[in-house]
Amino acid sequence: MRLRTLIRWSAIVCGVLAFALAIFVLSFDLNQYRRPLEAAASKALGRTVTLGGPLTLAASLSPTITAEQVRIANPAWASRPHLAAAAHAEIQIDLLPLLHGQLMVRQVVLDGADILLESTADGATNWTFGEKAGNLLNRPQLPGPLTVTAQRLTLGYRSPTSNIALDLATAKAVAAEDRPIRLSGEGAFRGVPLTLDIEAGTPADLRAPAARWPITFSLQTPDASLIARGTA
């Protein structure tokens, strides 16, 4: 009898909590926190981050934040205002670690992204962020596996001697602290269809200045294939 009563009341409490969570999600407007979110992201990168479109939140044990028209600013010398822009972005985080003050990003989804990396003759690069962002390689280790997927991605590189653009219909990157980084994609380069696969060393090895960082690069086109292995 006591066990049945305990189970019954537990079910009632869970139902009330679920109902309260549903009401919270339906009434919560993430857009009122647009400016603080932009400020926090800008501080983390040392570069202005703009969230131009609406923001939404899908609540669960792994909440997903969706943003439209996301932009990361370029330094003043770059050829265009933005280093990166995405028409649509989703970030999935773990709820329980967040309650303990730890941000654990599980998945990032991009659609309609345009990224242009640039360098100058004197060695300046637009992917070197300001002092406020700190050294990215010296940051704490990844708290868990991170998956980044993209659709309709344009990835370019520009320098005084090069101007390269790669159009990827799909792309995926998976990283974990103690596992090799893997990247793959399908798209086209100058109108030629291609499939790209890269496997590199672990993020932990990348932080060790004396370590050799292994890289395996595979490229396939309708008429040729290339496989290269080496270290950096």
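## Working through a predicted fold

The protein has four helices and 11 strands, counted as DSSP runs (H or I for helices, at least four residues; E for strands, at least two) and numbered from the N terminus. This is a predicted model, where local features need pLDDT of at least 70, side-chain atom pairs count only at pLDDT 80 or more, and totals for chains, interfaces and linings use all residues. Residues are numbered from 1 along each chain as its sequence is written, and side-chain values use heavy atoms, with hydrogens and water left out.

**Exercise 1. Describe the burial and surface of the whole protein.**

Start with burial: 25% of the 232 residues count as buried, where buried means under 20% relative accessible area, exposed over 50%, and partly exposed in between (1.4 Å probe, protein chains only).

Next, the surface. About 15000 Å² is exposed, and carbon and sulfur atoms supply 63% of that; the areas come from the Shrake-Rupley method with a 1.4 Å probe, and for residues only the protein chains shown count as cover.

**Exercise 2. Work out the setting of Ser-119.**

Find it first: Ser-119 sits in the loop between strand S5 (105-118) and strand S6 (146-158).

Then check its cover. Ser-119 counts as buried because its relative accessibility is 15%.

Now look at the neighbours. Leaving aside those within four places in sequence, Ser-119 is in contact (heavy atoms within 4.5 Å) with residues including Trp-77, Trp-127, Tyr-157 and Pro-160.

Finally, pick out the side-chain pairing: Ser-119 and Tyr-157 are joined by a polar contact of 2.8 Å. That term is for a pair of N or O atoms within 3.5 Å; within protein, one must be able to donate a hydrogen and the other to accept it, and residues adjacent in sequence count only if both atoms are side-chain atoms.

**Exercise 3. Follow Trp-127 to the surface.**

Trp-127 also belongs to the loop between S5 and S6. At 37% relative accessibility, Trp-127 is partly exposed.

Together with Tyr-157 and Ile-164, Trp-127 makes a nonpolar surface patch of about 260 Å².

**Exercise 4. Set out the backbone and exposure of Gln-69 and Arg-190.**

Take Gln-69 first: phi is near 55°, a positive value in a residue other than glycine. Gln-69 lies in strand S3 (residues 64-73) and, at 34% relative accessibility, is partly exposed.

Now Arg-190, whose phi is near 55°, again positive in a non-glycine residue. Arg-190 is in the loop between strand S8 (179-189) and strand S9 (192-200), and with a relative accessible area of 67% it is exposed.

Methods:
Patches are made of residues with over 30% relative accessible area and no salt bridge: like charges are joined within 9 Å, nonpolar side chains (Val, Leu, Ile, Met, Phe, Trp, Tyr) within 5 Å. A salt bridge is a side-chain nitrogen of Lys or Arg within 4 Å of a carboxyl oxygen of Asp or Glu.
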